[in-house]
Amino acid sequence: MVAVLVRTLLGIDLEPQFNEPYLSSSLQDFWGRRWNLMASKIIRPTVYQPTKQFVLRLFGPKWDSLLALFVTFLISGLVHELIFYYLGRVKPTWEITWFFLLRGFCLLLEVSCKSKLTTKFRLSRVVSGPLTIGFVMVTAYWLFFPQLLRFNAVQRALQEYTAVGAFAKNATRTLKLWFNYG
């Protein structure tokens, strides 16, 4: 919706933020290729890759990817806590960080299981897709969305939109007066 508005008003095409996340067949697919693509493009070179290189030097190639994944989810959780604090000015409950740590841990399990199992034992997309989306939805409703409700995110957003609308209305009125009488 924002991309359409920006394209209409400014003539700029924005990169898509999502790539049909409801078609995800695994957590790896969901987080790496389908959900919040801009965040993935930022986090991969700034957190994941440097952490992977650091862990590679300390522990070797056996643990570098897994620990880098977990640290990436930890950092993402802490950043989201900070964002939620900034938006709501409500004391953190750390549910958001636990949300990301849980997902990071489950992603580690998935990656580890995939590397150990042969293709013979992999789940089909018909099974893995609903399991992935179900896990994403249950954990979001359990740990992520309560934070949004705690600081009345919807009400605050509507107040912000109302303020922007009032500003635009006043600015338009001022410009009309200025051009008509200027």
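Which residues in α4 meet which residues in α5? Keep that in mind as you open the model; we will select both sides shortly.

**Before you click**

This is a predicted model, in which local features need pLDDT of at least 70 and side-chain atom pairs count only at pLDDT 80 or more, while totals for chains, interfaces and linings use all residues. Residues are numbered from 1 along each chain as its sequence is written, and side-chain values use heavy atoms, with hydrogens and water left out.

Colour by pLDDT, the predictor's confidence in each residue, from 0 to 100. The protein has a mean pLDDT of 89, and 96% of its residues reach 70 or more. Among the elements, helix α1 (residues 2–10) has the lowest mean, 75, and α3 the highest, 94. Helices here are DSSP runs (H or I, at least four residues), numbered from the N terminus.

**Stop 1: α4 against α5**

Select α4 (residues 64–88) and α5 (95–116). Their axes come within 8 Å and cross at roughly 160 degrees. Axes are lines fitted to C-alpha atoms, for helices over the stretch in contact, and angles run from 0 to 180 degrees between N-to-C directions. The two helices are therefore roughly antiparallel to each other; the cut-offs are under 35 degrees for roughly parallel, over 145 for roughly antiparallel, 65 to 115 for roughly perpendicular, and oblique for the rest. α4 passes α5 in a right-handed crossing, meaning that the near helix is turned clockwise from the far one by less than a right angle.

Now for the opening question. On the α4 side, show Leu66, Leu69, Phe70, Phe73, Leu74, Ser76, Gly77, Leu78, His80, Glu81 and Phe84. They meet Glu95, Ile96, Thr97, Phe100, Leu101, Arg103, Gly104, Phe105, Leu107, Leu108, Val111 and Ser112 in α5. Contact means heavy atoms within 4.5 Å. The residues of this contact divide into 14 nonpolar, 6 polar and 3 charged. Ala, Val, Leu, Ile, Met, Phe, Trp, Tyr, Cys and Pro count as nonpolar, Asp, Glu, Lys and Arg as charged, and the others, Gly among them, as polar.

**Stop 2: the loop between α4 and α5**

Pick Trp94, found in the loop between α4 and α5. Its phi is near 70 degrees, a positive value in a residue other than glycine. Most residues other than glycine have a negative phi. Trp94 is partly exposed, with a relative accessible area of 43%; buried means under 20%, exposed over 50%, and partly exposed in between (1.4 Å probe, protein chains only).

Then go to Leu82 in helix α4, which counts as exposed at 59% relative accessibility. Draw a distance from its C-alpha to that of Pro92, 10 residues apart along the chain: they are separated by 8.3 Å.

**Stop 3: α3 against α4**

Keep α4 and add α3 (residues 37–59). The axes of α3 and α4 come within 8 Å and cross at roughly 140 degrees, and that makes α3 oblique to α4. This crossing is right-handed too. Residues to show include Val47, Val55 and Phe59 of α3 and Leu67, Val71 and Ile75 of α4. The full contact divides into 11 nonpolar, 4 polar and 2 charged residues.

**Stop 4: α2 and its neighbours**

Select α2 (residues 27–34), where Leu27, Asp29, Phe30, Trp31 and Arg34 are buried. These buried residues pack against α3, α4, α5 and α6 (125–150).

For one of these partners, α5, the packing angle is about 115 degrees, with the axes 9 Å apart. That makes α2 roughly perpendicular to α5. Leu27, Gln28, Phe30 and Trp31 of α2 make the contact, with partners in α5 including Cys106, Glu110 and Lys114.

Just along the chain, Asn36 lies in the loop between α2 and α3. Its phi is positive, near 45 degrees, and Asn36 is partly exposed at 28% relative accessible area.

**Stop 5: along α6**

Is Thr139 of α6 buried or exposed? At 3% relative accessibility, Thr139 counts as buried. Leaving aside neighbours within four places in sequence, Thr139 is in contact with Phe99, Leu102, Arg103 and Phe144.

Finish at Leu148, also in α6, which is partly exposed with a relative accessible area of 26%. Not counting residues up to four places away in sequence, Leu148 touches Phe84 and Ala153. The C-alpha atoms of Leu148 and Thr132 are separated by 23 Å, with their positions 16 residues apart along the chain.
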